[in-house]
Amino acid sequence: QLQLVESGGGLVQPGGSLRLSCAASGFTLDYYAIGWFRQAPGKEREGVSCISSSGGSTNYADSVKGRFTISRDNAKNTVYLQMNSLKPEDTAVYYCAVALSSYCSGGDPAPYEYDYWGQGTQVTVSS
């Protein structure tokens, strides 16, 4: 059974940190770029970050650049999103998704470029 499972979300105070994980089972992530997205209530899903299949190329939305870091461990079939200096506006459900290719396209990740999605993990930044 193919599964993509996000974990690591929770409640954190402004300025705090969280590390999200995206673990795959039933298939290997090795050949695919992986993206992280988020969706806040009443808003459209937005691309946060992407990492190429090799991990050699990454990109970030301007809103998270310098605060978030995406990485991957292909041996563990897992992709991570380290989130530092969190702000209330980072509050959202965070999703990981498998890209249709091995590379990240230019600009923010776009949902139509991704084929398989996890169920999401809630991140709430509040004092």
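Which residues of the largest nonpolar core touch the most other members? They are W36, L81, M83 and Y94, in a core that counts 28 residues. This is a predicted model, and the points below walk through its sheet, its cores, strand β9 and one buried loop residue.

**The four-stranded sheet**
- Here, four strands pair in the antiparallel sense to make an open sheet, and their order is β1-β3-β8-β7.
- β1 (3-7) and β7 (68-73) are the edge strands; each has a single partner strand, so one side of each has no neighbour in the sheet.
- From one strand to the next, the twist averages 15°.
- At the β7 edge, six bridges link β7 to β8 (residues 78-83), again antiparallel.
- Within that pairing, I70 has L81 of β8 as its bridge partner, and L81 is also one of the core residues that touch the most other members.

**The nonpolar cores**
- The largest core draws at least two residues from each of β3 (18-25), β4 (34-39), β5, β7, β8, β9 (92-99) and β11 (121-125).
- A second core, separate from the largest one, has seven residues, including F37, A97, A99 and Y114.
- As a general backdrop, nonpolar side chains tend to be buried together in soluble globular proteins.
- Y94 is worth a look in the viewer: beyond its neighbours within four places in sequence, its contacts include W36, L81 and M83.
- Other contacts of Y94 are E6, L20, R38, V48, F68, G120, T121 and V123, among them residues of several strands, and F37 is on its contact list too.

**Strand β9 and its partners**
- Seven of the eight residues of β9 are buried, so this strand is mostly covered.
- β4 and β9 run antiparallel and are joined by six bridges, with R38 bridged to Y94 of β9.
- β11 pairs with β9 in the antiparallel sense over three bridges, and A92 finds its bridge partner in V123 of β11.
- β10 (residues 114-117) also pairs antiparallel with β9 over three bridges; there, A97 is bridged to W117.
- A97 of this pairing is also a member of the second core.

**A buried serine in a loop**
- S53 sits in the loop that connects β5 (46-51) and β6 (58-60).
- Why is S53 classed as buried? Its relative accessibility is 15%, and the cut-off for buried is under 20%.
- Setting aside residues up to four places away in sequence, S53 touches D30, Y31, Y32, A33, R72, N74 and S102.

Technical notes:
Residues numbered from 1 in each chain as written. Predicted model: local features only at pLDDT ≥ 70, side-chain atom pairs only at ≥ 80, totals over all residues. Heavy atoms only, no water. Pairing = 2+ DSSP bridges. Axes fitted to C-alpha atoms, helices over the stretch in contact; angles between N-to-C directions. Buried < 20%, exposed > 50% of the residue type's maximum accessible area, 1.4 Å probe, protein only. Contact = heavy atoms within 4.5 Å. Core = buried A, V, L, I, M, F, W, Y, C linked by side-chain atoms within 4.5 Å.
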